[in-house]
Amino acid sequence: MSKRTSLAAAAVLIGAVLIAPGPATAEPPGGGGVQNVIPITQVLAFGQKVTAVAVEYSSEVNPRTLDRDTYTVSDSLYNFRFNPVGDITDPTKRANRTVTAVYTNDAPALNATKQSDPGTFVIIELDPRDPGGNTVMATGNYVTVNPDLQTQVVQNEDVYAQPGKGQGRGPRLAAASDDAYRPTKPAVNLLVDDFVYKRFTTTTGTMIPYAYHLPDGYDAAKKYPVVVILPGQGMGFNGSNEGVQVAADIPATAWLQPKWTGTDEDVIVLAPQNQRVGTAAAQADVMVELLNAFAREFSVDQDRIYASTVSYGSTLAWAALATHPGLFDGALRGPNKVVRRVGT
């Protein structure tokens, strides 16, 4: 199968126990103890969630004194797809997460080997299948990414610094405590943070936010296929939910991961929002004007422009196919369903 064919056919593959309210949350004490708590998120098949937490200390941590029982991580059970009227801030609607790995690192980042590197951060990896930890929330008829994540970390055991010569396990950095620490810094959003976020204003004055990602090693002398991600209506722009179209569903970030798409070809990803104003045809015209301006700025293969759609995005794709024939070489809806392919 050629790269061209494989890209056109590539797809975006798409019960908890309630616990009683835990100990009161606390700010990290600073000093020689916990310095910061930083969530790490990933976009999974049904949206973004917290899949790890980085706990920062004042000195390098001795990893030999850590295990999966050192920490308890709990999170809100809110999930806008299954309990959209739930209260994401209700502390009684929580569940403990399943800790799958604990190791040290020199940054709030995952290590594929799950092995410790010298550093001041302890990385607590969590089972992505847990019900808690979803970051996307409903606000009226729109969805947005919650800026106030409800992740909490309890340090159950003493944590020690790297030992000096003859020091055994090293000096104690932080004593075990019942305190539940909330995040102190914005989340590290894997792949989502790799997108560039901008706004585009059409010739008629309509503004739409959009995000894009260029391949690693982007070369303006080459021509690249473009996948235009057309999200569901709830991911339209409501004035404050910029960027949600990348985090709320897998299609945008999937194209950065060959295991999701089935192709390792370099692809430009363009993910616009929309203002949800006017007919689908009018909204499609706004999207097409953005796409044309984007193609003038970057090295786009005009014969290899694809649409990947979710829900209402399919309506926009159909409208664009009708009013701008030949624009898309192919359109994909959901998990590898070709709505229409034109010009192979």
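Begin by selecting Phe 294 which, once neighbours within four places in sequence are set aside, is in contact with Tyr 210, Tyr 212, Ile 268, Leu 270 and Val 300. The model on screen is a predicted one, and every stop on this tour should be read with that in mind.

**Helix H5 and the largest core**

Extend the selection to helix H5, residues 280-297, whose 18 residues reach 26 Å from the first C-alpha to the last, close to the 26 Å expected at 1.5 Å a residue. Colour its buried residues next: these are Ala 280, Gln 283, Ala 284, Val 286, Met 287, Val 288, Leu 290, Leu 291, Ala 293, Phe 294 and Ala 295. To see what covers them, display the surrounding elements, including strand S15 (196-201), strand S16 (207-213), strand S17 (224-230), strand S18 (268-272), strand S19 (300-309) and helix H6 (312-323).

Now show the side chains of Val 228, Leu 270, Phe 294 and Phe 328, which touch the most other members among the 33 residues of the largest nonpolar core. Two or more residues of this core are given by each of S16, S17, S18, H5, S19 and H6, and the largest share, 10 residues, comes from H5. In soluble globular proteins, nonpolar side chains tend to be buried together. For a second, separate core, of 22 residues, select Tyr 57, Leu 66, Ile 124 and Val 153, which are included in it.

**Helix H6 and the loop before it**

Return to H6, a helix of 12 residues that reaches 17 Å from its first C-alpha to its last, close to the 16 Å expected at 1.5 Å a residue. Its buried residues are Tyr 312, Gly 313, Ser 314, Leu 316, Ala 317, Ala 319, Ala 320 and Leu 321. Then step back to Ser 311, found in the loop between S19 and H6, where phi is positive, at about 50 degrees, although the residue is not a glycine. Most residues other than glycine have a negative phi. Ser 311 counts as exposed because its relative accessibility is 58%, and the cut-off for that class is over 50%.

A second backbone angle to inspect is that of Leu 191, a residue other than glycine whose phi is positive and near 70 degrees. Leu 191 is placed in the loop between strand S14 (188-189) and S15, and with a relative accessible area of 25% it is partly exposed.

**Two buried residues and their contacts**

Select Ala 248, in the loop between helix H2 (244-247) and helix H3 (251-254). With a relative accessible area of 0%, Ala 248 is buried. Draw a distance from its C-alpha to that of Phe 46: the two residues are 202 residues apart along the chain, yet these atoms are separated by 7.3 Å. Apart from neighbours within four places in sequence, the contacts of Ala 248 are with Phe 46, Gly 47, Arg 81, Val 136 and Met 235.

Move on to Asn 105, which lies in strand S6 (residues 99-105). Asn 105 counts as buried because its relative accessibility is 7%, and the class takes in values under 20%. Not counting residues up to four places away in sequence, Asn 105 touches Leu 110, Asn 111, Asp 117, Pro 118, Gly 119, Thr 120, Phe 121 and Ile 123. A C-alpha to C-alpha distance of 9.6 Å separates Asn 105 from Glu 56, 49 residues away in sequence.

**Pocket and cavities**

For the largest pocket, with a volume of about 380 Å³, centre the view on Val 145, Asn 146, Pro 147, Ala 187 and Asn 189, the closest to its centre of the 25 residues that line the pocket. Strand S2 (34-44), strand S9 (142-145) and H2 each supply at least two residues of this lining, which by class has 11 nonpolar, nine polar and five charged residues.

The largest cavity holds about 60 Å³ of space. To outline it, select Val 50, Asp 75, Ser 76, Ile 88, Gly 133, Asn 134, Thr 135, Asn 146, Leu 149, Gln 150 and Thr 151, a lining of three nonpolar, seven polar and one charged residues.

End at the second largest cavity, of about 40 Å³, which is lined by Ile 229, Pro 231, Gln 245, Asp 249, Pro 251, Ala 252 and Val 310. By class, this lining has five nonpolar, one polar and one charged residues.

How values were computed:
Residues numbered from 1 in each chain as written. Predicted model: local features only at pLDDT ≥ 70, side-chain atom pairs only at ≥ 80, totals over all residues. Heavy atoms only, no water. Helix = DSSP H or I, 4+ residues; strand = E, 2+ residues; numbered from the N terminus. Expected span 1.5 Å × (residues − 1). Buried < 20%, exposed > 50% of the residue type's maximum accessible area, 1.4 Å probe, protein only. Contact = heavy atoms within 4.5 Å. Core = buried A, V, L, I, M, F, W, Y, C linked by side-chain atoms within 4.5 Å. 1 Å grid on protein atoms, 1.4 Å probe; cavity = no way out; pocket = protein on both sides within 12 Å on 5 of 7 lines; lining within 4 Å. Points joined across faces, edges and corners; volume = space filled by probe spheres on them. Nonpolar A, V, L, I, M, F, W, Y, C, P; charged D, E, K, R; others polar.
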